[in-house]
Amino acid sequence: MEKRKTILSGTLHLLKWILLLFLLSLALLPIVWLMISSLRTNLELQTSPFGWPRQFQWVNYSKALHMASLPRLLLNSVTVAALAVLINTLATSMASFILAREFFKGRDVLYTIFTAGVLIPVISFMVPYFSLITKSGLYNTLTALVLVYASVNIPVSIFLVTAFMKSIPKELEEAAIIDGCGFFKRFSTIILPLSRSGIVTAATFCFIYSWNEFVMAMLLTSSIESRTVQLGIKFFTSQFITDYAGMYAAVVITIIPSVVGYVLLHNKIIGGLTAGGVKG
Amino acid sequence: MKGKRFVVMALVLLIMVGLGAQGQKDPGVAKEVELRWASIWVGNDSKAPAVEELVAAYNAKNEGRIKVVIEPQPDYNAYEQKVRTSLAAGQVPADIFTIKLNPTTATFYQSNLLMDFNKVMDGAWKATFDAPSLAQSEIDGVLRSLPMETAILPLWFNMDLLKKVGVNEVPKTLDDMFATFDKLKAAGIAPTSQMTGDTNAWTSMIWFSHFAVALGGPNVWDKPFTDKAFVEAAKLIKRMITEYSTSDAVGLGAGGSGGHFLAGRTAVFSNGPWYAGRADLAATPFYDSIRIAGLPDAGPTKDFMISRLQANICAAATKDKAREEAIVDFLKFLTSKDSITKIAETSGAMFAIKTDFRPTVDLKRQFFIVAEGAKATASDLEAALGAEVTLEFAQQLGALALGRISAEEFCALVDRKIER
Amino acid sequence: MHIVGSNKKRIWLARILFLLPVSLLFFFFFIYPFLFTLYTSLTQWRGIGAMKFNGLANYGKLLADATFRKALKNNVVWALSQGFIQVPLACLVAMILVRKPRFWKALRTAYYLPNVISTVALAMVWVAIYNVKGPLNAILHALFGVEKLNWLGNPDVALFAVIFQTVIYIGYFMIILLAAAMNIPRSYYEAAEIDGAGTFRQEWHITLPMLRGTLVTTMTLAMAYGMRHFESTFLMTGGGPAYATTTMGIDLYLKMDALRYSEASTVGVILILMGTVVISLIRILFGTSDPMSETAQ
């Protein structure tokens, strides 16, 4: 009996690790490939996509930094992503609080309308977005991108944050009300901290979107002062020729800040939260 | 307390964003006219350095009067999207920009936002352009774009590989060509780089255009797609894909098709002059052995070349006379013989403006020789019939090659997408 | 909650204040563009000139169009695969990681990585992997003697191939589920352990029920993304061969490319309507995610 149990748990253990490592290899494959490819020549890349560089082409990296003026674009991207995340999480956590913890007529309708936004293929909104931004005089500004990115992510954020806020046991809040906590205090001292991991998750997604977005950035900006890294990456793609090696070097450079940002957000904020565990 | 601070912060943020909206640049206090040029000739485009120099020289010469600002537009697809989006929103993307003129983009000619060059061009300026290209750019008496860059789309023969199987000349007839292909196949070399992927099946679309024009004449695109010339061309392209190409041709993209040729895995390729300017092509061992040619005689039409308008210049229509004059002045400068020669020298691109320039690099020079030697020219399928027809062509080409539809069915499907 | 007179007014004021920022942004960036799209779908418009009112003609034309119907079918496959394969898999991984096996933090970061890599680069990797002479065929042939397939060029398997590659984005949904799983009070498990419940029973009776709301959210998101899907497939296959991998998103893009703005808008509106139906179905099937009533029993 005991023995069979250990064999069973042993196999399960093995299966678990096979799954984890299979997914790990799938996740790491592109990044490893990208790093190797960024050190090859275009001819090598075009003729055999998988292979080791005959000679390390570090020049790709200096090209990437130079030609696409990456430092400036990185700064812009960080600014845009940070502000978009800030506005988005502030606005949606406030709204989600009402949608999750307050009762009033029409609440569910409001929630459904906001969240139905996840279905929208933003690309079909290009013409109205362009009109909106140019008519408000925001064309070619970082503000335009901040507003668009913060807004486009509203449905996802509301979805996530509301779900987290709803899962907070009612007793906690009731206890606070008995203690004489008002509306604002309930929000800031109970609901907000307890749904922190949900908000961080939403912030992560808003960040990923803002960092990777290209179509709107291309549409709504026209000069280096207000462009983001994704446009820098595309600088290696002209009408007929794509410098893949240089582009991949630029991609590798742009991945670094987003990974650092992720590790900071998650390991510090969520990590700190779960280390102590949430007391029910 | 904490809650209040939070709300205040949120409000302040919103107000800040609102203020940002006010921070608009107030248009030109000075008399200098600023022209924005949404340029695709930037980044690693081979025309970029020359264009940048020309604009700088122009700005220096016209200081205090006219200033041209280049707004760099990388990624051509996204650029096209930007052009059509802004026109749909009722605005010009910039004072000066370029389009690829075909039946789809010809829709832009209905827009009054674009300058009609017929109203501002004099005979002398017009005479500097290649007349057929200029005529092709005029629709219903309106000239809303000026032809600038052109291209021929010939076949490329890697003579090193042909010599390996004992063929020293570019084949003269279709039978010759197939005989050569059989020899290549026997030697384990894929004869051609076909593809059905992307949205235009680019290199195979060029082959198909050659076949269709050879069989149906330079005006073949005016015929219904169910015409015998197209059916026969479809049969030929199917044969090319299934018998004389790499095994991955169905679904392959332009990158893969070019990659095979660059790797020396395929002997015959098809593409425009820009491909000759690639650094990776120049790095191949067979760079000096490439021969550029038209299609071997395959039908009643012989010694023709497939060509297209690659980039036409558009300008914003304006009631402001000074502005209009500035645009015309700059475009006259840009399309002058000297400027075009300068751009051609460094890029190897071909233009609709007549110059005496001939490239010194053999491969690039061959393009000019082949273009001048052609007795007739005809458009390719995409330039002649537009985006939707080309998309259907590319999608159904896969089905044709896999034998899921016949050549007749293929042509009937494409025909349905042609607007008449 | 006892609310009296002026207090009630103040609470309403606070509620409105809290909803205001989102509502403003939502109006400008969703409601107005949606109305614009809805209107253009009822007109004949090629991006230039005046819109001609056209009634429901575009809808009829679209539903009769073979390409669109194919895209619609592909969209359903996309949505189902994302919701019912991707999310359960992500949930499984989250349930493993929440128990903090060795290297769990490193694994979590690694699974997140593909989400920040540009799609263009990823598409190039997958095109190379799926090539007839690529590594996938080599491995399958060596291991199982499988005949070499042109994964992206064969209309019978191309859709499967472009969907399969999304498995690398599993980290996206895993992050949500992991965050929710970590919020489950540890005391529940401790109590179960004392009762002698094994790992499986703990997962089945505690984790899964506690994650229900988040699972519904995640599935909805996954299916919505599946239906909106556009970029990576477009880069890999352009929607081909023979429209085998065309989604409604690709159809919409290509219609705009051909300056068929009203038809593109029609696709957009149908996409939104379809999605609303799917979201409602999920809610009916798995119950509304309102744990306010659930957890506070």
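Biologist: In chain B, what share of the contacts between residues at least 6 apart in sequence join residues at least 24 apart?
Modeller: The share is 77% in chain B. Keep in mind that this is a predicted model.

Biologist: And what secondary structure does chain B have?
Modeller: Chain B has 17 helices and eleven strands.

Biologist: How many residues is chain B, and what percentage is buried?
Modeller: Chain B has 420 residues, and 51% of them are buried. Along the principal axes, its C-alpha atoms fill a box of roughly 80 × 65 × 45 Å.

Biologist: Switching to contacts between chains. How many residues do chain A and chain B each put into theirs?
Modeller: Chain A puts in 39 residues and chain B puts in 36.

Biologist: Which helices of chain A supply at least two residues each there?
Modeller: Helices H2 (42-47), H4 (70-101), H6 (126-135), H7 (142-152), H10 (183-194), H12 (215-220) and H13 (229-234) of chain A each do so on the side that touches chain B.

Biologist: What classes of residue are on that side of chain A?
Modeller: The side of chain A touching chain B has 20 nonpolar, 16 polar and three charged residues.

Biologist: Now chain C. How many residues are in its contact with chain A?
Modeller: Chain C contributes 72 residues and chain A contributes 71.

Biologist: Which helix of chain C gives the most to the side touching chain A?
Modeller: Helix H1 (residues 5-41) of chain C, with 16 residues.

Biologist: And the classes on that side of chain C?
Modeller: There are 50 nonpolar, 17 polar and five charged residues on the side of chain C that touches chain A.

How values were computed
Residues numbered from 1 in each chain as written. Chains lettered and ligands numbered in written order. Predicted model: local features only at pLDDT ≥ 70, side-chain atom pairs only at ≥ 80, totals over all residues. Contact = placed C-beta atoms within 7 Å. Helix = DSSP H or I, 4+ residues; strand = E, 2+ residues; numbered from the N terminus. Nonpolar A, V, L, I, M, F, W, Y, C, P; charged D, E, K, R; others polar. Buried ≥ 20, exposed ≤ 12 C-beta atoms within 10 Å, placed from the backbone.
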